[in-house]
Amino acid sequence: MTLLQSSYLRASLLALVLAVLGFILVAKLADLTAASWLAFGLLLGGLLTPLVAGAARDTAPRGNRSQRSAATSAANTDQLEVYTGECKTLYVGNLPYRANEAAVRKLFAEHGQVISVRLVKDKETGKRRGYGFVEMPLGDADAAIAALNETEYLQRTLKVREANEKKESASEFSESVSN
């Protein structure tokens, strides 16, 4: 990260520029003491704002999606278990739009251990799209499919089945064909 890419530094520089401009404007319109207080206030605000915003940002989990999911899973279950066996990813369709990860985790946890839950959201609106994926150990996944497929959940009939493998993107496909 370069020096000017730091959000703290950019906010500090902006606060400094505003403080100097405020000092010049108020010094011409009023006495020096008021201008000094204005400049001090602008500088203090500019320095404290990124600190407060940075503290909120630092509390969010970092890392890639699977690391965040594992951290969220551990926080939700208050356990630090790590599943090391084989697992199966289940597709869960026709979910109610108001269902969240915690509710789906609770539903599937009735039928075995839940490793992760990912509900798909629209990239533009951020709203849930009504389907998602649940990762479970092999035996638990089969039991969950048998128990939950075609059952009603929050007035919607769920579709639960083994998820298909991710499709290759067009660029990956053309590279694999040309090799």
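**Exercise 1: The cavity**

Find how many cavities of 30 Å³ or more a search of the whole structure turns up, then describe the largest cavity and its lining.

*Solution.*
Step 1. Searching the whole structure turns up one cavity of 30 Å³ or more. Keep in mind as you work that this is a predicted model.

Step 2. Now for the volume: the largest cavity holds about 30 Å³ of space.

Step 3. Next, look at the walls. The largest cavity is lined by Leu95, Pro96, Ala99, Leu119, Arg128, Gly130 and Tyr131.

Step 4. Sort these residues by class. The lining of the largest cavity has five nonpolar residues, one polar and one charged.

Step 5. Which element gives the most to this lining? Strand S3 (residues 128-137) does, with three residues.

**Exercise 2: The overall layout**

Describe the protein in terms of its helices, its strands and their order along the sequence.

*Solution.*
Step 1. Count the elements: there are six helices and six strands.

Step 2. Put them in order. Along the sequence, the pattern reads α-α-α-β-α-β-β-α-β-β-β-α.

Step 3. Ask how much of the protein is buried. Of its 179 residues, 23% count as buried.

Step 4. Finally, look at the contacts between residues at least 6 apart in sequence. Among these, 62% join residues at least 24 apart.

**Exercise 3: A salt bridge beside the cavity lining**

Arg128 is one of the residues lining the largest cavity. Work out which side chain Arg128 meets in a salt bridge, and which parts of the chain this pair ties together.

*Solution.*
Step 1. The partner of Arg128 is Glu101, and the N to O distance in this salt bridge is 4.0 Å.

Step 2. Place both residues. Because Glu101 lies in helix H4 (residues 101-109) and Arg128 in strand S3, the pair ties together parts that are 27 residues apart in sequence.

Step 3. Check the exposure. Glu101 has a relative accessibility of 29% and counts as partly exposed. Arg128 is partly exposed too, with a relative accessible area of 25%.

**Exercise 4: Lys88 and its partners**

How many salt bridges does the structure hold? After counting, explore the surroundings of Lys88.

*Solution.*
Step 1. The structure holds four salt bridges.

Step 2. One of the salt bridges joins the side chains of Lys88 and Glu162, at 3.8 Å from N to O. This pair links distant parts of the chain, 74 residues apart: Lys88 sits in strand S1 (residues 87-93) and Glu162 in strand S6 (residues 159-162).

Step 3. Is Lys88 buried or exposed? With a relative accessible area of 14%, Lys88 is buried, because the cut-off for buried is under 20%. Glu162, at 47%, is partly exposed.

Step 4. Add Asp142. The side chains of Lys88 and Asp142 make a polar contact of 2.7 Å, and a network of salt bridges links Lys88, Asp142 and Glu162.

Step 5. Widen the view. Leaving aside neighbours within four places in sequence, the residues in contact with Lys88 include Val134, Met136, Leu138 and Ala141.

**Exercise 5: One more pair**

Identify the residue that forms a salt bridge with Lys159, and say how exposed each partner is.

*Solution.*
Step 1. Lys159 pairs with Glu150, and their closest N and O atoms are 3.0 Å apart.

Step 2. Lys159 has a relative accessible area of 32%, so Lys159 is partly exposed.

Step 3. Glu150, at 47% relative accessibility, also counts as partly exposed.

Terms used
Residues are numbered from 1 along each chain as its sequence is written. This is a predicted model: local features need pLDDT of at least 70, side-chain atom pairs count only at pLDDT 80 or more; totals for chains, interfaces and linings use all residues. Side-chain values use heavy atoms; hydrogens and water are left out. On a 1 Å grid over the protein atoms alone, a cavity is a set of points where a 1.4 Å probe fits but cannot get out, and a pocket is an open set with protein on both sides within 12 Å along at least five of seven lines; lining residues have an atom within 4 Å of a point. Grid points are joined across faces, edges and corners, and a volume is the space filled by probe spheres set on the points. Helices (H or I, at least four residues) and strands (E, at least two) are DSSP runs, numbered from the N terminus. Ala, Val, Leu, Ile, Met, Phe, Trp, Tyr, Cys and Pro count as nonpolar, Asp, Glu, Lys and Arg as charged, and the others, Gly among them, as polar. Buried means under 20% relative accessible area, exposed over 50%, partly exposed in between (1.4 Å probe, protein chains only). A polar contact is a pair of N or O atoms within 3.5 Å; within protein, one must be able to donate a hydrogen and the other to accept it, and residues adjacent in sequence count only if both atoms are side-chain atoms. Contact means heavy atoms within 4.5 Å.
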